[in-house]
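Hi,

Here is the structure I promised to pass on to you. Have a look at it first, and then read on for what turned up in it.

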2 protein chains.
Amino acid sequence: MTLILDNIAKIVSLTEAEKELFLSKIETKQYKAKTILHNAGEICKHSYFVNSGLVRSFNINDNIVEHVLHFACEGWWIGDMYSLLSQKPGNLFIEVMEDAEVVLLSKENQEQLYFEIPKLERFFRILTEKSLVAHQERLMDNLSLSAEERFDKFCKRYPTLIQRVPQKQIASYIGVTPEFFSKMKSRMLRK
Amino acid sequence: MTLILDNIAKIVSLTEAEKELFLSKIETKQYKAKTILHNAGEICKHSYFVNSGLVRSFNINDNIVEHVLHFACEGWWIGDMYSLLSQKPGNLFIEVMEDAEVVLLSKENQEQLYFEIPKLERFFRILTEKSLVAHQERLMDNLSLSAEERFDKFCKRYPTLIQRVPQKQIASYIGVTPEFFSKMKSRMLRK
DNA sequence: CAACTTTCTTAACCTACATTAAGTGCCAAA
DNA sequence: TTTGGCACTTAATGTAGGTTAAGAAAGTTG
């Protein structure tokens with residue numbers, strides 16, 4: 001349970017009292033693999049922090065094709081930012097991939113915490129900034145790199161995920177079909 | 001000069017004293033078209049807010065191809081978030097496309113303001129959240145939509161830019177070559 | 001205004017990746 | 001033990017979009 005406090009401590013330092021208050025606002029739950037934490041079309045009420053296990057967010061376009069936006073394993077946050085912030089129905093699904101322990105922080109509690117502990121507003125500002133930078137880089141990579149180069153980057157950035165995530169999901173994350181990914185992988189191995 | 005205060009007022013409300021303090025921390029400059037505000041390889045010192053004119057950020061990959069990350073016209077913020085936050089050399093260029101009046105906010109002043117006016121930390125948190133949501137959507141669009149659909153979305157989202165931005169830059173923004181864009185456009189007109 | 005540069009277009013040809021389809025191997029439920 | 005589902009592979013064929021090259025428009029500068 002200290003994982004989330006450690007995560008915060010990397011960016012801002014809370015007093016014991018503040019830690020207590022923060023802990024009183026969150027909720028920890030266990031989920032089996034394949035549980036859907038949030039459905040497209042619904043309004044997202046929580047931010048999720050992964051204590052253990054593996055979670056992903058993805059959308060499904062008209063052609064019934066899934067596209068993975070994000071993987072989150074131990075120590076990562078995940079959610080449907082659009083829906084959470086706008087309180088409108090989003091188009092992301094959030095699904096547990098491996099049995100997981102997840103911390104839930106409701107939108108109301110999160111906003112209360114901004115008032116009660118301004119340092120947490122700083123924490124989430126910085127978290128969001130880092131996420132934005134990562135998304136900008138991924139966007140530029142999608143515009144300028146080949147599938148092979150995007151896969152290389154993925155391997156370097158998320159070495160632990162490669163063993164854990166089914167390769168069709170990695171294919172989806174980097175933006176190719178599972179068939180092409182398979183072919184590409186064997187082509188890369190041959191070198 | 002009230003444009004930037006209006007921009008802030010849409011999200012948080014400042015007292016007159018706070019407005020004064022904020023204004024004392026920024027600097028307004030005029031730039032001619034084609035001026036480079038920030039070079040790839042350098043450390044970014046400022047956030048930029050566009051009062052008038054038009055500014056873009058882009059990178060250049062190994063093959064000497066430009067990719068536009070962002071356009072900013074009146075009332076928009078622009079910068080190299082990666083370089084600004086990490087204080088390391090980035091790989092974005094920021095260039096004035098039409099003669100512009102730009103507000104500069106240095107990183108130091110921005111961070112001072114977070115302490116002096118916590119509401120501004122809230123303002124930038126929310127600004128960053130909105131930007132993140134927009135980037136997530138653009139990323140998913142790049143993964144799942146055709147060039148034609150991406151162009152449609154661009155037209156709906158930035159109707160005023162279409163007249164102002166050379167079409168090769170729009171092509172770059174949506175991720176196709178100028179030649180293909182030209183072909184696609186005439187194909188779309190024929191319908 | 002001419003001379004130059006940059007943007008846009010057109011067209012022939014090329015390739016990275018998608019689609020469709022069939023087949024393999026694995027493992028979990030019945 | 002079978003059966004069915006799911007992840008992965010292979011291969012033939014299709015296509016969105018890239019590349020190259022050349023000329024036409026349009027904008028910029030002296």
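A good place to begin is a pair of residues in chain A: W77(A) and F123(A) are both buried. Please keep in mind that this is a predicted model.

Aromatic contacts

Across all chains, the structure holds 26 aromatic pairs. One of them is formed by W77(A) and F123(A), a tilted pair with 6.4 Å from centre to centre and 55° between the planes. W77(A) lies in strand β5 (residues 77–78) of chain A and F123(A) in helix α5 (residues 118–144) of chain A, so their pairing ties together parts that are 46 residues apart in sequence. Both residues also belong to one aromatic cluster, made up of F49(A), W77(A), Y114(A), F123(A) and F124(A).

Charges over rings

Two arginines of chain B are worth displaying. R56(B) lies over the face of F58(B), 3.8 Å from the ring centre. The other crosses to chain A: the charged end of R122(B) sits over the ring of F115(A), at 4.5 Å from its centre.

An asparagine in chain B

N7(B) is found in helix α1 (residues 3–9) of chain B. Is N7(B) buried or exposed? Its relative accessibility is 13%, so N7(B) counts as buried, the cut-off being under 20%. The side chain of N7(B) reaches the backbone oxygen of G75(B) at 3.3 Å. Leaving aside residues up to four places away in sequence, N7(B) touches F49(B), G75(B), W77(B) and F123(B).

The DNA side

Which residues come nearest to DNA strand C? Of the 15 around the strand, they are A147(A), T177(A), Q167(B), K168(B) and S182(B). Of the atoms of DNA strand C that come within 4 Å of the protein, 73% are accounted for by sugar and phosphate.

Three contacts to phosphate oxygens of the strand are easy to find:
- A147(A), through a backbone N or O atom, at 3.2 Å
- T177(A), also through a backbone N or O atom, at 3.1 Å
- Q167(B), through a polar side-chain atom, at 2.3 Å

The elements giving two or more residues to the surface near DNA strand C are α6 (147–157) and α9 (178–189) of chain A, along with α8 (167–174) and α9 (178–189) of chain B. Sorted by class, that surface has six charged, five polar and four nonpolar residues.

Happy to talk it through whenever you like.

Best wishes

Key:
Residues are numbered from 1 along each chain as its sequence is written. Chains are lettered from A and ligands numbered from 1 in the order in which they are written. This is a predicted model: local features need pLDDT of at least 70, side-chain atom pairs count only at pLDDT 80 or more; totals for chains, interfaces and linings use all residues. Side-chain values use heavy atoms; hydrogens and water are left out. Helices (H or I, at least four residues) and strands (E, at least two) are DSSP runs, numbered from the N terminus. Buried means under 20% relative accessible area, exposed over 50%, partly exposed in between (1.4 Å probe, protein chains only). A polar contact is a pair of N or O atoms within 3.5 Å; within protein, one must be able to donate a hydrogen and the other to accept it, and residues adjacent in sequence count only if both atoms are side-chain atoms. Contact means heavy atoms within 4.5 Å. Rings of Phe, Tyr and Trp (its six-membered ring) pair if their centres lie within 6.5 Å; planes under 30 degrees apart count as stacked, over 60 as edge-to-face and the rest as tilted. A charge sits over a ring if NZ of Lys or CZ of Arg is within 6 Å of the ring centre and within 35 degrees of the ring normal. A residue is near a molecule or strand if one of its heavy atoms lies within 4 Å of it. Ala, Val, Leu, Ile, Met, Phe, Trp, Tyr, Cys and Pro count as nonpolar, Asp, Glu, Lys and Arg as charged, and the others, Gly among them, as polar.
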